[in-house]
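Q: Could you take me through how the two chains in this entry fit together?
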2 protein chains.
Amino acid sequence: MADVDALVAGIRAGARRPLARAITLAESTREDHRAVAREVLARLGKPRDTLRIAVSGVPGAGKSTFIESLGAHVIASGHQVAVLTIDPSSAISGGSILGDKTRMATLSKSPEAYIRPSAAGETLGGVARRTRDTMALVEAAGFDVVIVETVGVGQSETTAASMTDLFTLVLAPAAGDDLQGIKRGIVELADLVLINKADGDLKAAAGRAASDYANAQRLLRPRRESWSARVVQCSALHDDGVADIWNAMREYRSLMIDSGEYEKNRSLQARHWLWQETTDKLVDLLKGHTQVKAELPALESAVESGSLAPSVAADQLVKAFMNMTGESS
Amino acid sequence: MADVDALVAGIRAGARRPLARAITLAESTREDHRAVAREVLARLGKPRDTLRIAVSGVPGAGKSTFIESLGAHVIASGHQVAVLTIDPSSAISGGSILGDKTRMATLSKSPEAYIRPSAAGETLGGVARRTRDTMALVEAAGFDVVIVETVGVGQSETTAASMTDLFTLVLAPAAGDDLQGIKRGIVELADLVLINKADGDLKAAAGRAASDYANAQRLLRPRRESWSARVVQCSALHDDGVADIWNAMREYRSLMIDSGEYEKNRSLQARHWLWQETTDKLVDLLKGHTQVKAELPALESAVESGSLAPSVAADQLVKAFMNMTGESS
């Protein structure tokens with residue numbers, strides 16, 4: 001536990017290296033590493049008030065430029081900002097953040113910012129699990145605005161929405177003309193739709209896209225009780241409109257807190273994570289059990305071919321696991 | 001096992017009472033009852049080729065009338081049809097099918113049809129689990145066209161889609177004018193969109209709704225490789241257009257089988273069910289474990305208030321469960 005003491009003390013003192021070390025342990029595939037990270041987390045205790053912002057959007061919409069610009073406003077308001085990335089396709093191994101340093105040149109040099117790329121992981125579930133632990137660690141370390149960026153399009157957006165307070169969708173005018181460009185479900189998640197690149201030749205197109213999206217938003221059922229989704233134009237490259245967006249985010253937070261919806265949403269999310277993590281752990285244990293591993297191939301193939309009912313096969317798997325003959329190998 | 005033998009023999013002989021008894025056992029909350037049902041299922045073996053059709057739509061669109069009309073065409077083509085209902089809000093206890101007998105007067109009298117209302121159950125997950133077992137039983141009993149009807153709007157549609165080969169969305173013209181009437185995600189599930197009540201005063205409105213939906217479908221990514229969603233008008237009440245719909249369903253089935261997508265979809269569904277059932281069973285066992293029950297309230301409340309990380313709490317729950325002190329009570 002000497003390791004835990006040193007990490008906790010270092011993180012409390014605001015040092016970067018112990019924080020990075022704890023995150024690497026949380027992201028490790030080794031259970032003993034993750035146990036140390038969880039112990040650090042338990043010792044650090046509940047963090048001060050934080051705001052968790054998801055930033056999603058199609059590639060090329062200017063998410064990184066927007067995060068650079070937003071991050072500067074967040075820091076200027078007296079906050080510390082952490083940027084995490086959910087990218088299940090990423091092959092980056094823990095530690096290499098060259099890509100993000102290049103993408104967010106100014107932010108990555110700020111002492112008030114902490115940028116961490118995606119955990120490596122085969123499945124979105126695994127990546128999500130580690131991103132949640134990383135978020136808890138950076139919050140406990142004092143970063144009180146956490147930006148969760150998703151890369152690419154797919155299910156990452158739903159995952160990011162399930163672990164944040166506010167969902168931001170960044171679109172570029174060219175993509176804005178075409179509602180097909182993004183999965184429909186994603187527009188429904190948005191608390192703020194940002195039409196980026198509202199400058200130069202694209203200014204008029206951005207205006208049209210903004211009114212298209214504002215119309216589309218009116219057709220959707222509001223996601224929150226105390227907030228209606230807003231569509232805002234900006235030019236992150238010229239830092240134009242980003243201060244207004246940060247103000248809107250603060251207004252959102254304050255309305256949501258006043259109505260009690262903010263805390264309610266966080267409680268529901270935490271409860272959901274608790275059961276998601278519990279379920280994942282149980283299924284991992286089952287899959288690692290010797291007798292289950294021996295029986296699984298035949299059962300799976302019988303189920304897939306339709307000759308065995310899934311409930312019958314599930315019964316056999318659980319029975320094999322609960323007999324506990326042959327501890328996980 | 002005398003019960004199992006009698007049930008298997010009775011079901012094989014085409015008797016209704018043993019089938020109803022096996023379904024009631026499958027729907028029971030008692031584990032020993034469900035074990036008998038699963039044994040019956042295992043003994044009945046793989047059924048002959050079947051077609052599973054989901055029928056969803058807003059209340060008042062005429063789903064029951066459509067199922068009555070479709071059922072008659074299905075039986076006339078030499079098939080036996082079973083109608084199951086997914087309705088998590090239903091308080092009907094196993095056995096009472098008065099509601100469905102009234103709704104589907106002709107079909108409920110046919111010897112070639114079997115109508116079974118929703119399993120009673122608090123959660124959609126529980127209802128889905130039992131519907132899947134019921135589906136396996138009616139298929140093993142020789143009903144080769146299974147219609148899964150959803151009642152109300154919500155997540156039932158996704159559940160129905162996950163256990164069927166073909167998803168049918170029934171709309172009425174009045175609802176069709178208003179895209180808000182149904183959740184967007186549901187249109188995306190549809191292989192066939194039926195604009196019902198295309199008769200009398202509503203005929204013109206049905207035509208407009210059909211072209212609106214056909215336009216909307218073009219914006220969506222196709223759900224299948226070998227089939228593009230179709231929008232069809234019908235008047236189930238006058239049995240008008242329903243024969244064409246049954247023909248379209250047969251065409252769908254044959255295109256999907258030829259491309260291999262039909263079997264692939266079934267395999268993926270069966271695999272998904274296997275893991276869903278396994279996970280459900282494990283979580284049920286964990287929740288019933290004495291030590292887990294003792295620790296859970298404090299852990300849940302600490303997680304919900306944000307003072308304990310979900311991953312730390314999940315660890316404790318799984319440890320308490322795996323120690324296996326205090327068998328489930």
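Q: What rotation superposes chain B on chain A?
A: In this predicted model, chain B is superposed on chain A by a rotation of 180 degrees with 0.0 Å of shift along its axis, at an RMSD of 0.0 Å, the fit being by least squares on the C-alpha atoms of residues with pLDDT of at least 70 in both. The two copies are thus related as by a two-fold rotation axis.

Q: And how many residues are in contact?
A: 48 residues of chain B are in contact with 48 residues of chain A, where contact means heavy atoms within 4.5 Å. Because 100% of the interface residues of chain B are also interface residues in chain A, the copies meet through the same surface.

Q: What about salt bridges, how many are there between chain B and chain A?
A: There are eight between chain B and chain A, counting a side-chain nitrogen of Lys or Arg within 4 Å of a carboxyl oxygen of Asp or Glu. One joins Glu304(B) to Arg271(A), with the closest N and O atoms 2.9 Å apart.

Q: Which element of chain B gives the most to that side?
A: That is α13(B), with 15 residues on the side of chain B that touches chain A; helices here are DSSP runs of H or I with at least four residues, numbered from the N terminus.

Q: Any conventions I should keep in mind?
A: Residues are numbered from 1 along each chain as its sequence is written, and chains are lettered from A in the order in which they are written. Local features need pLDDT of at least 70 and side-chain atom pairs count only at pLDDT 80 or more, while totals for chains, interfaces and linings use all residues, and side-chain values use heavy atoms, without hydrogens and water.

Definitions and conventions. Helices (H or I, at least four residues) and strands (E, at least two) are DSSP runs, numbered from the N terminus.
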